[in-house]
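Biologist: I should like a close look at one part of this structure, with the charged side chains and the packing around it described in some detail. Please state the residues involved and the computed values as you go.

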Amino acid sequence: MTAVYEEMNAKTREKIQQQFLQLLKDKNFMKVSVQDIATAANINRGTFYLHYLDKYDLLDQMEENLLAGLETHLKRLKPDFLLSEAEKGHTSNHAVEVFRYIQLNADAFQVFLGGNNHVGFHKRLKLFFVEHFLEKMMKNENFFKNTTVPHDYLSSFATSAFLGLVEQWLDNELAETPTEMAEMYIQIIFFIRNL
């Protein structure tokens, strides 16, 4: 009985989240009410509150889950391996997987980075990439050994470039494949490394 109940809860949460994303495609976050979400998901407000404290909690949980999935893929990226593969003319499968994850969750990324969401996700995503970049690239002694640019400026530049790449891809309706995007990402890393 518990497994069935948990499955029903998961389906209800999924329906709430899908309808919330649909609402944010056309309506500003501040103008979306819990009642709007409940009506779109064909549930009552009480059911919504069984799963989320309010619309801010819903948004926060969805953003958190999106970033947790992204982090799982980013953890596999190894700077030395990335560069050695690129120097051999190969594209890292782990880099491709990062872009494949973004592709699979494109609706959420587009909505959360779009004009109808409050500005929090863009900043949150940039900070997420800065932390990842600092952890992976800057701590690797060979990666930026010849640079005199302070690390915080270098990581800010690199993460803004990567975030811009992702946003442009989303704006272009994912016209390129994850493999093509991974290749562009590696080219940007080489460009930054050789500045």
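Modeller: The part I have chosen is helix α6, which spans residues 93–104 and holds both E97 and R100, three residues apart, or about one turn of the helix. The model is a predicted one. Within this helix, the side chains of E97 and R100 are joined by a salt bridge, with an N to O distance of 2.5 Å. E97 is partly exposed, its relative accessible area being 29%. R100 is likewise classed as partly exposed, at 33% relative accessibility. Both values fall in the intermediate class, because buried means under 20% and exposed means over 50%.

The packing of α6 can be considered next. Two packed helices are described by the angle between their axes and the distance between the axes. For α6 and helix α9 (residues 151–171), the angle is about 45° and the axes are 11 Å apart. This makes α6 oblique to α9. The crossing of α6 past α9 is right-handed. On the α6 side, the residues that meet α9 are V98, F99, I102 and Q103. Their counterparts in α9 are F162, L165, V166, W169 and L170.

Helix α6 also has a contact from another helix. H73, a residue of helix α4, touches E97, V98 and Y101, when neighbours within four places in sequence are left aside. E97 therefore appears twice in this account: as a contact of H73 and as the salt-bridge partner of R100. V98, for its part, is in contact with H73 and is among the residues of α6 that meet α9. H73 itself is buried, with a relative accessible area of 15%.

Following H73 back into α4 leads to further charged residues. The salt bridges in the model number seven. One of them joins the side chains of D60 and R124, at 3.1 Å from N to O. The D60–R124 pair links distant parts of the chain, since D60 is in α4 and R124 is in helix α8 (residues 120–138), 64 residues apart. D60 is partly exposed at a relative accessible area of 37%, and R124 is partly exposed at 22%. R124 also forms a salt bridge with E63, for which the closest N and O atoms are 2.7 Å apart. Because E63 lies in α4 and R124 in α8, this pair ties together parts that are 61 residues apart in sequence. E63, in contrast to its partner, counts as buried, at 4% relative accessibility. D60, E63, E64 and R124 together are linked in a network of salt bridges.

D57 provides a counterpoint within α4, which covers residues 55–74. D57 is buried but takes part in no salt bridge. The nearest side chain of opposite charge is that of R124, 9.6 Å away, whereas a salt bridge requires the nitrogen and oxygen to be within 4 Å. Not counting residues up to four places away in sequence, D57 touches H51 and Y52. R124 thus pairs with D60 and with E63, while D57 is left without a salt bridge.

Technical notes
Residues are numbered from 1 along each chain as its sequence is written. This is a predicted model: local features need pLDDT of at least 70, side-chain atom pairs count only at pLDDT 80 or more; totals for chains, interfaces and linings use all residues. Side-chain values use heavy atoms; hydrogens and water are left out. Helices (H or I, at least four residues) and strands (E, at least two) are DSSP runs, numbered from the N terminus. Buried means under 20% relative accessible area, exposed over 50%, partly exposed in between (1.4 Å probe, protein chains only). Lys and Arg count as positive and Asp and Glu as negative; His and the chain ends are not counted. Contact means heavy atoms within 4.5 Å. Axes are lines fitted to C-alpha atoms, for helices over the stretch in contact, and angles run from 0 to 180 degrees between N-to-C directions. Angles under 35 degrees count as roughly parallel, over 145 as roughly antiparallel, 65 to 115 as roughly perpendicular and the rest as oblique. A crossing is left-handed if the near helix is turned anticlockwise from the far one by less than a right angle, and right-handed if clockwise.
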